[in-house]
Structure formats: structure tokens, C-alpha cells
Amino acid sequence: MPFCEKCGAKMDEEAKFCPSCGAGVNGQQSQYSQQNTQSGNFQETINKYMQTEDNTSEFEQEDINQNKVMAVLAYIGILVLVPLLAAPNSKYARYHANQGLILFIAELCLGVVMGLLTWIPIFGIIIAVLGGLVYLLFFVFMIMGIVNACQGKAKRLPIFGKFTILR
């Protein structure tokens, strides 16, 4: 009786795919990759935007350890001002304040656009739904920034991270 080369599960003699993990037998493409070619391309696109540059090596470890809380606060809306006022000499807090400020400005701009366009009948409903999805994306970015700040990393946010307001 043959066994899967990938996971070691027992397989039938005539099986083309492992019933346990879906791996192909004798170089065949797996069931998963055959069925999800398009979703794989979508996943590659998502990964392209989510994999951002890590600038942690530019900062001193002492600065990171002392200003993690300030870096976290930078992603919570108007609290972006706290690290700017409380830790003006910290490069690490300033880096995250820049990321948080860009995200906050984007949220404000979206709010203004949605506020104006949602008054249009029928079109306003579509804008409200799309705007809600974009707000959800901004929330995900906020969580990503907070997680990076807690971990002592200086990774750019997807899409917005390449912009610099604060030096």
C-alpha cells in the first residue's frame, strides 16, 4: 500500500491525490492548486501588498523598548498627537506617529467624501457600503500597526506606509 510523500497518509494504489492533504502523486498538481488557480492569483496580489518593508534595524533597541506604548497610541485616531508631544526625540515613536497620522488623515478624507456622497439617492447606499468596507480595511491596518509596534518592529503599513509626513 503506498503512502503520501508529503504527509505519510495511506493511499489507494490508483489514487492521484492524497485523501488527507491533497498532495499530488508522481508530480501531479494538487487538487487544491488545480481548483483554486484564480484564488491563488488573488492571494498573490494580497501578499504583494501585505508584505511591507521592515525598517526595524534603523532604530536603537533602547528607543524601541522605551517607546512601544507611544508607538501603539499613534494608531488610535487623534491619539496620534500623544507620541508627537510626549516623545518628540524618539525616532521609533515618530516613525509610528507618521504611519498613524497618514492612516488618520486617510480616515478623515474618507469620512468627508462619504459624508458628501451618501446624500445622493441610491448612489449613496452604494457609497456607504463601499466606504464601510474601506473603513474595515483601515481598521485592519490599524491593528497591523499596533501589533508591529507591540512587537518592536518598524514595518510600513500596506498602501500608505510609503508616504512620509513627519521626518
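From the N terminus on, the protein chain runs α-α-α-α-α-α-α. This is a predicted model, so to speak on paper: local features need pLDDT of at least 70, side-chain atom pairs count only at pLDDT 80 or more, and totals for chains, interfaces and linings use all residues. Residues are numbered from 1 along each chain as its sequence is written, and side-chain values use heavy atoms, with hydrogens and water left out.**Exercise 1. Take stock of the fold.**

Step 1: count the elements. The protein chain has seven helices and zero strands; these are DSSP runs, numbered from the N terminus, with helices being H or I of at least four residues and strands being E of at least two.

Step 2: check burial. Of the 167 residues, 32% are buried, where buried means under 20% relative accessible area, exposed over 50%, and partly exposed in between (1.4 Å probe, protein chains only).

Step 3: look at the contacts, meaning heavy atoms within 4.5 Å. Take the ones between residues at least 6 apart in sequence: 51% of them join residues at least 24 apart.

**Exercise 2. Place alanine 97 and find its neighbours.**

Step 1: find its element. Alanine 97 sits in helix α6, residues 91–117.

Step 2: is alanine 97 buried or exposed? Its relative accessible area is 0%, so alanine 97 counts as buried.

Step 3: list its partners. Skipping residues up to four places away in sequence, alanine 97 touches Ala74, Val80, Pro83, Leu84 and Leu166. As for leucine 84, 13 residues away along the chain, its C-alpha atom is 6.9 Å from that of alanine 97.

**Exercise 3. Map the nonpolar cores.**

Step 1: get the rule straight. A nonpolar core is a set of buried Ala, Val, Leu, Ile, Met, Phe, Trp, Tyr and Cys residues joined through side-chain atoms within 4.5 Å.

Step 2: pick out the largest one. It has 21 residues, and Tyr92, Leu103, Phe138 and Phe160 have the most contacts inside it. At least two residues each come from α4 (68–73), α6 and α7 (123–150), with α6 giving the largest share, seven residues.

Step 3: zoom in on leucine 103. Leaving out neighbours within four places in sequence, leucine 103 contacts Phe138, Phe141, Met142, Leu157 and Phe160.

Step 4: look for a separate core. Another one, of six residues, lies apart from the largest, and Cys4, Ala9, Cys18 and Val25 are among its members.

**Exercise 4. Check the cysteines.**

Step 1: how many disulfides does a search of the whole structure find? Zero, using a cut-off of cysteine sulfur atoms within 2.5 Å.

Step 2: classify two cysteines. Cysteine 109 has a relative accessible area of 46%, so it is partly exposed. Cysteine 150, at 45%, is partly exposed too.
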